[in-house]
Amino acid sequence: MSILIRGGEVVTADDGKRADVLCEGDKIVAVGEGLEAPAGAQVIDAGGCYVLPGGIDPHTHMELPFMGTVASEDFFSGTSAAAAGGTTMIIDFAIPDPQESLIAAYSKWRAWAEKAACDYSFHVAITWWDDSVSREMEVLVREHGVNSFKHFMAYKNAIMADDETLMNSFRRAGELGALCTVHAENGELVYQLQREVFESGITGPEGHPLSRPPEVEGEAANRAIRIAEVLGVPVYIVHNSCVDALDAVVRARLEGQRVFAEVLAQHLVIDDSVYRDRDWDRAAHHVMSPPFRSSEHQDALWRGLQAGMLQTTATDHCCFCTPQKQAGKDDFRLIPNGTGGVEDRMSVLWHYGVGMGRLTPSEFVAVTSTNAARIFNIYPQKGAICAGADADLVVWDPEATHTISARTHHMNIDFNVFEGRKVVGNAAVTLSRGEVVWQGGELRTKKGAGRYVPRPPFADYWRAQELRNTAQVRGKVDR
Ligand code: URP
Ligand code: ZN
Ligand code: ZN
């Protein structure tokens, strides 16, 4: 099947130009002006629209078993909702329980993801350590296309990785050419503060941010970064929510350390007043970690994104419906942590980013797609519009206006953290591997059409350069 996308402005992370895009099967085969439609080709008129690489959300949790329940969004509903918003690939997480085999957990998540409608890949979490974990990391890298490992510095007594585990895993990942990613919150501090807040009589959702102040995140981000520096490995900090974490990232980057950092669409536009909502359910729906922050943090996050200090945008899409959130009715510590957003990320970023003059269209493409593809080593298969790339494309209508609402969204959650926001800019047509999956406000996704995307390890020279940088910082080699 051929598809010709005609008359749009093709925008990549590098440039924008008037061009047509021809897709054959699941690949882009030509980009240029005045392309002929082959016989039988479907022609999509992109006049007045941009043509963008499909969005990549590098941080989602479909059907995650977590805090005594399972996230309500599965791989089919979640990737379908993503497509409705212009996102054509997710990187989700396989999270072994402590003592569980990494391969067993990875295989379980792979099976769950068979129903995905768009492409996906997996970071694998390191939640414990012994020699078998070290061996299985190698198997995952060499045989299964896993090039990133996740570490939760929070969630004590569950999936938290202590410093010893971080060190062992970071070192091993470095040897294997894999990237370490980190949820940065000091789990011990959170644990103690939660107890103190609860015992002081604060049992509702307002206790959640009190037990996870910005310092808790800043400390952990800095610790992870410094451990990575000493070991000479790159590191990626997920969901930076505050100045404190951003400062640690900026300082390290200015010292020449290879540190990457992600920000969530939610943290960019939602502030901590949501926890003071008198409606318990509404407040509980905002319980996620790290929590929402006061407005000066949002300003700093936007500046970090504009300056390139934050390279990727994600959603940490992890949906729990109201009855699930109500498990913590009498104790905020039991409210399952997580919010949704995979469908809304692109619109929110376009509206508040491009629409408000903070980002150019090319910068938008970089932070919603290309940078994630580069950092996780799948560029230019993903995140690009060029011959040979996967035909994951979005015809983006910069004038389309819609009001975000749980009543109309496609995500499997009875709440939307962006409820009532009127946003300008939306996906008019989404193609996943050359198939139209969203057009005219209609989803056409197919269960199981998505494919697993293996991600190769990073090249040796990249690691060598990293080691050299580290040595330089420590003054061991000539500059
Ligand atoms: O609250 C959150 N973020 N839930 C999902 C798990 C995680 O920490 O990423
Ligand atoms: Zn997290
Ligand atoms: Zn997460």
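Four donors around a metal count as tetrahedral if all angles lie between 85 and 135 degrees, four count as square planar and six as octahedral if opposite donors are over 155 degrees apart and all others between 65 and 115, and anything else is irregular. This is a predicted model, in which local features need pLDDT of at least 70 and side-chain atom pairs count only at pLDDT 80 or more, while totals for chains, interfaces and linings use all residues. Residues are numbered from 1 along each chain as its sequence is written, and side-chain values use heavy atoms, with hydrogens and water left out.

Select the zinc ion (ligand 2), whose site is irregular, with angles of 57 to 145 degrees among its 4 donor atoms. Its protein donors (donors being N, O and S atoms within 2.8 Å of the metal, or 3.2 Å for Na, K and Ca) are His-183 through ND1 and His-239 through NE2, lying 2.0 to 2.1 Å from the ion. The pair links distant parts of the chain, since His-183 belongs to strand β12 (residues 179-183) and His-239 to the loop between β13 (235-237) and α8 (243-254), 56 residues apart. Now show the zinc ion (ligand 3), which is 3.6 Å from the zinc ion (ligand 2).

Next, move to Ser-77, which is buried because its relative accessible area is 18%, buried meaning under 20%, exposed over 50% and partly exposed in between, with a 1.4 Å probe and protein chains only. Display His-410 and Asn-412 as well, because Ser-77 touches both when residues up to four places away in sequence are not counted, a contact meaning heavy atoms within 4.5 Å.

Key:
Chains lettered and ligands numbered in written order. Helix = DSSP H or I, 4+ residues; strand = E, 2+ residues; numbered from the N terminus.
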